[in-house]
Amino acid sequence: MSAAAHTNGTPLLSVEDLTVQFPTRTGLVEAVRGVSFSLGREKLGIVGESGSGKSVTGRAILGLTPPPGQVRARKIDFDGVDLTRADKASLRAIRGARISMVMQDPKFSLNPVMRVGDQIAEAYRAHGREAGTREAKTRAMEMLEAVRIRDPERVYAAYPHEVSGGMGQRIMIAMMLIPGPDLLIADEPTSALDVTVQMQVLAILDDMVSERGMGLIFISHDLNLVASFCDRVLIMYGGRILEVCEAKRLHEARHPYTRGLLNCLPSIDRPAAQLPTLKRDPAWLELGA
Amino acid sequence: MIEVESLDVVFGRGRNAVHAVRDVSFHVAEGESFGLVGESGSGKSTVLRALSGLNANWTGTLRIADQKLGRRRGTAFFKRVQMVFQDPYGSLHPRHTVDRILAEPVSIHRLDNGEARILRALDEVGLGPKFRFRYPHQLSGGQRQRVAIARALILEPKVLLLDEPTSALDVSIQAEVLNLLQRIKRERGLTYILVSHNLAVVAHMCARLAVMNHGEVVEELTAEALRAHAPKQAYTRQLLTASLGYDRAAVDRFEDFAASA
């Protein structure tokens, strides 16, 4: 697969031949098999069903593969640094500060016994900013406003159990964005949210990409959402990339798997007596794009 | 077939009272599929749980097949009304085989011919006899949901109450389960109430639906009106816009629809 168009010049991230394996009692499971792609300052969607390897790919970039998983890649190049070969100190300087990650459920990502505002301020101070507590607090407040929390004073002092799911996800996003990362990896960041809140959270991410030139990897199972939100889409199946499309033209996708997935979605606009089901072809596991 | 009139559900009391369902009324004809749509906390599942007898603290009038329902339901009620839950991982006993899961309702209702019923139910949901002695952990999410549907069908009910039956499943599996539900409904002439947050799923399955927000029915409309993008209420229009995909400009026009006092 050749990496397709970027918005400008050299890619921010380029991944070549990424493989992630997990040893199990019944042998090696290859969760990701030879994935290559690159990303500019754009919104890249990674779409697939459960078990397709989309989340494992996102975590492997940050070096968050849980043991005993093994990650191999020819290179994972982030702005001139090869993340597979970088030492721990330089990884620490990148992780969190320049690449950060938002997970699906804020309930499990926030510290339950710390005020959410203090957690955001801590993220600001932990990632290389020489800031005093007061400045960190001011910046955290501004960030809460940036993610459109109407009453930042109150929310700053709240504990995670006192905020709703949508608010929690905005807080997570504020925490991930406050160090000013160049790349945000968002793994199903809005799947647990109501549709209207989901759209509001996406608008925040969208603005960050267009205003600050951040790169975004958006991992999702929702094809229609990715088609309407992202610039480019990778479709994964069985640990491989089957197809890369322009998001706007996802509905013209060629691969039978992509077509099958699109067809089996019920639609508000088109009534159907029966939904077409997906017939899986074993060859999809072998070929890849 | 199903009549809900002035249903109110309140949890807790005094200052801590939460009015989860406020004055909800709707009718569902025999053989119809009726959808209840809303965001989390809108009260849609609470309506279903009051109907199914899982919740006793409701007031109002509930009727199924012209019979008024009380707080406690007897076996005759459950023979007629069955429920399928959202999470196929949580709704099946992890240490019971599929055979035992399906045999339990048969023995509770003292039905004869358990063996034949189990085989028929498995066949009907497209699993077949080879799944009979497996445990839930040996099944995929879609297969588990089929077992949950088989367990509901084995009593030959007239009404199925479906609470987000496909929201834990991948879209390709969702299509298979929705098709299965449609086929069973046709073959057995069942009446469905489908609760979902997914407008597309409800528009596909149901001819009529009610949109709920903060415990109240905002609007009752047909799937056709939804397809024509012609809901009357602003809340429903906003929900529809958000369900159709991401649109940066539309997000700025979103409003907060607070509960009416």
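A residue counts as buried when its relative accessible area is under 20%. That cut-off settles the case of Cys230(A): at a relative accessible area of 7%, Cys230(A) is buried. The model described here is a predicted one.

Cys230(A) raises a question of bonding. A disulfide is a covalent bond between the sulfur atoms of two cysteines. How many disulfides does the structure hold over all chains? The count is zero. Cys230(A) accordingly is in no disulfide, and the nearest cysteine sulfur, that of Cys245(A), is 12 Å away. Chain B offers another example. Cys206(B) is in no disulfide either, and the nearest cysteine sulfur belongs to Cys264(A), 19 Å away. Is Cys206(B) buried or exposed? Its relative accessibility is 4%, so Cys206(B) counts as buried.

Cys230(A) leads on to Lys43(A), since the two residues touch. Lys43(A) sits in strand β3 of chain A, which covers residues 43-47. Is this lysine buried or exposed? Lys43(A) counts as buried because its relative accessibility is 9%, and the cut-off for buried is under 20%. Its contacts beyond the sequence neighbourhood include Asp206(A), Val209(A), Leu216(A) and Asp231(A). Phe229(A) and Arg232(A) are also among them. With Phe229(A) there is a polar link too: the side chain of Lys43(A) reaches the backbone oxygen of Phe229(A) at 3.2 Å.

Leu216(A), one of the residues touched by Lys43(A), belongs to strand β9 of chain A. This strand spans residues 215-220. Six of its six residues are buried, so β9(A) is largely enclosed by the rest of the structure. The burial holds on both faces. Gly215(A), Ile217(A) and Ile219(A) point one way, Leu216(A), Phe218(A) and Ser220(A) point the other way, and all are buried.

Now look at the neighbours of β9(A). Strands of a sheet pair through backbone hydrogen bonds, either parallel or antiparallel. Strand β3(A) pairs with β9(A) in the parallel sense, over five bridges. Within that pairing, Leu44(A) has Ile217(A) as its bridge partner. Strand β8 of chain A, residues 183-187, also pairs with β9(A) in the parallel sense over five bridges. Here Ile185(A) stands opposite Ile217(A). Ile217(A) thus takes part in the pairing with Leu44(A) and in the pairing with Ile185(A).

Step back to chain A as a whole. It is divided into two parts: domain 1 takes in 13-98 + 181-287, and domain 2 takes in 111-180. Their C-alpha centres lie 27 Å apart. Which residues make the contact between them? Domain 1 of chain A supplies 18 residues and domain 2 of chain A supplies 14 residues.

Ser228(A) takes us from chain A to chain B. This serine lies in helix α9 of chain A, residues 223-229. Ser228(A) is partly exposed, with a relative accessible area of 29%. Which residues of chain B does Ser228(A) touch? They are Gly245(B) and Tyr246(B). A polar atom of the Ser228(A) side chain lies 2.8 Å from the backbone nitrogen of Tyr246(B). Within its own chain, Ser228(A) is 65 residues along from Val163(A), and their C-alpha atoms are separated by 29 Å.

Chain B has an open sheet of six strands. Their order is β6-β7-β8-β3-β9-β10, and the pairing is mixed. Which strands form the edges? They are β6 (81-84) and β10 (216-222) of chain B, each pairing on one side only. Neighbouring strands of this sheet are turned by 20° against each other on average, direction ignored. Inside the sheet, β7 (residues 159-163) and β8 (residues 191-196) of chain B run parallel and are joined by five bridges. One of the bridge pairs is Leu162(B) with Leu194(B) in β8(B).

Helices complete the tour of chain B. Helix α9 of chain B, residues 234-243, lies across β3 (33-38), β9 (208-213) and β10 of that chain. It runs at about 100° to β9(B). Helix α3 of chain B covers residues 98-108. Its buried residues are Val98(B), Asp99(B), Ile101(B), Leu102(B), Pro105(B) and Val106(B). What covers them? The cover includes α4 (114-124) and α5 (141-153) of chain B. After α3(B) comes Arg110(B), whose phi is positive, near 50°.

Terms used: Residues numbered from 1 in each chain as written. Chains lettered and ligands numbered in written order. Predicted model: local features only at pLDDT ≥ 70, side-chain atom pairs only at ≥ 80, totals over all residues. Heavy atoms only, no water. Helix = DSSP H or I, 4+ residues; strand = E, 2+ residues; numbered from the N terminus. Buried < 20%, exposed > 50% of the residue type's maximum accessible area, 1.4 Å probe, protein only. Polar contact = N/O pair within 3.5 Å; in protein donor to acceptor, adjacent residues only side chain to side chain. Contact = heavy atoms within 4.5 Å. Disulfide = S-S within 2.5 Å. Pairing = 2+ DSSP bridges. Axes fitted to C-alpha atoms, helices over the stretch in contact; angles between N-to-C directions. Domains from an automatic or database assignment. Lists of a residue's contacts leave out its neighbours within four places in sequence.
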